[in-house]
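Biologist: I'm new to this one, so could you walk me through it? Let's put the structure up and take it question by question.

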Amino acid sequence: MSVRHHLKILPEYFKALKDGRKTFEIRHDDRGFKEGDTLSLNEWQDGYTGRSIEVEVTYVTDFEQKSGNVVLGIKKKVGEGDD
């Protein structure tokens with residue numbers, strides 16, 4: 001069963017994700033991220049900006065990460081960030 005995770009993201013990373021340069025997230029794995037989960041990434045700069053984007057988790061690994069962290073391979077959901 002896939003899960004939707006609501007997370008904050010800083011503007012510089014939001015922009016890179018929106019324009020397609022950023023295809024991964026490194027996160028503390030306190031949520032048990034799984035392939036197929038959805039990340040609702042909400043831009044945060046001294047509060048929510050109102051901009052968000054949804055991505056699907058396509059891969060999860062903790063290889064050579066700081067203890068408790070994972071790298072999430074992600075892809076934008078169809079139509080997300082195209083405006």
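What follows is a chat about a predicted model, going from the helix and the core out to the loops.

Biologist: Let's start with the helix. Which residues of H1 are buried, and how do they sit around the helix axis?

Modeller: The buried residues of H1 are Phe14, Ala16 and Leu17. Looking down the axis of H1, you'd see them fall within an arc of 165°, so they line one face of the helix. The answer, then, is Phe14, Ala16 and Leu17, on an arc of 165°.

Biologist: And which exposed residues does the face of H1 turned away from the buried side carry?

Modeller: Start with what the buried side does: its residues pack against E1, strand E2 (24–28), E3, E4 and E5. The face turned away from that side carries the exposed residues Glu12 and Lys15.

Biologist: Which residue just after H1 takes a positive phi?

Modeller: Look just past the end of the helix. The phi there is about 90°, and the residue is glycine 20.

Biologist: Which elements give two or more residues to the largest nonpolar core?

Modeller: That core has 13 residues, and Leu17, Phe33, Leu39, Leu41, Val55, Leu72 and Ile74 touch the most other members. The elements giving two or more residues to this core are strand E1 (4–9), helix H1 (11–18), strand E3 (38–44), E4 and strand E5 (69–76).

Biologist: Leucine 17 has come up twice. Which residues is it in contact with, leaving aside neighbours within four places in sequence?

Modeller: Leucine 17 is one of the buried residues of H1, and it's also among the core residues that touch the most other members. Leaving aside its neighbours within four places in sequence, its contacts are Lys22, Glu25, Leu41, Ile53, Val55, Ile74 and Lys76.

Biologist: Now the aromatics. Why is the pair of tryptophan 44 and tyrosine 48 called what it is, and what is it called?

Modeller: A search of the whole structure turns up one aromatic pair. The ring centres of tryptophan 44 and tyrosine 48 are 4.8 Å apart and their planes are at 85°. Planes over 60 degrees apart get a particular label, so this pair is edge-to-face.

Biologist: Is tryptophan 44 buried, partly exposed or exposed, and which charged end sits over its ring?

Modeller: With 28% relative accessibility, tryptophan 44 counts as partly exposed; its partner tyrosine 48, at 54%, counts as exposed. Over the ring of tryptophan 44, 3.9 Å from its centre, sits the charged end of lysine 8.

Biologist: Which ring does the charged end of lysine 22 sit over?

Modeller: The charged end of lysine 22 is 5.1 Å from the centre of the ring in question. That ring belongs to phenylalanine 24.

Biologist: Over to threonine 49. Which side chain does its own side chain make a polar contact with?

Modeller: Threonine 49 lies in strand E4 (residues 48–61) and is partly exposed, with a relative accessible area of 37%. A polar atom of its side chain lies 3.3 Å from the backbone nitrogen of arginine 51. The side-chain polar contact, at 2.7 Å, is with glutamate 43.

Biologist: Is serine 40 buried or exposed?

Modeller: Serine 40 is in strand E3. Not counting residues up to four places away in sequence, it touches His5, His6, Leu7, Ile53 and Glu54. Its relative accessibility is 5%, and the cut-off is under 20%, so serine 40 counts as buried.

Biologist: Which side chain does asparagine 69 make a polar contact with?

Modeller: You'll find asparagine 69 in strand E5, and at 16% relative accessibility it counts as buried. Among its contacts beyond four places in sequence are Ile26, Arg27 and Asp62. The polar contact, at 3.4 Å, is with the side chain of histidine 28.

Biologist: Last one: where do aspartate 46 and glutamate 64 lie?

Modeller: Most residues other than glycine have a negative phi. Aspartate 46 has a positive one of about 60°, and glutamate 64 has a positive one of about 55°. Aspartate 46 is exposed at 81% relative accessible area, and glutamate 64 is exposed at 69%. As for where, aspartate 46 is in the loop between E3 and E4, and glutamate 64 is in the loop between E4 and E5.

Terms used:
Residues are numbered from 1 along each chain as its sequence is written. This is a predicted model: local features need pLDDT of at least 70, side-chain atom pairs count only at pLDDT 80 or more; totals for chains, interfaces and linings use all residues. Side-chain values use heavy atoms; hydrogens and water are left out. Helices (H or I, at least four residues) and strands (E, at least two) are DSSP runs, numbered from the N terminus. Buried means under 20% relative accessible area, exposed over 50%, partly exposed in between (1.4 Å probe, protein chains only). A polar contact is a pair of N or O atoms within 3.5 Å; within protein, one must be able to donate a hydrogen and the other to accept it, and residues adjacent in sequence count only if both atoms are side-chain atoms. A nonpolar core is a set of buried Ala, Val, Leu, Ile, Met, Phe, Trp, Tyr and Cys residues joined through side-chain atoms within 4.5 Å. Contact means heavy atoms within 4.5 Å. The arc is that of the directions from the helix axis to the C-beta atoms. Rings of Phe, Tyr and Trp (its six-membered ring) pair if their centres lie within 6.5 Å; planes under 30 degrees apart count as stacked, over 60 as edge-to-face and the rest as tilted. A charge sits over a ring if NZ of Lys or CZ of Arg is within 6 Å of the ring centre and within 35 degrees of the ring normal.
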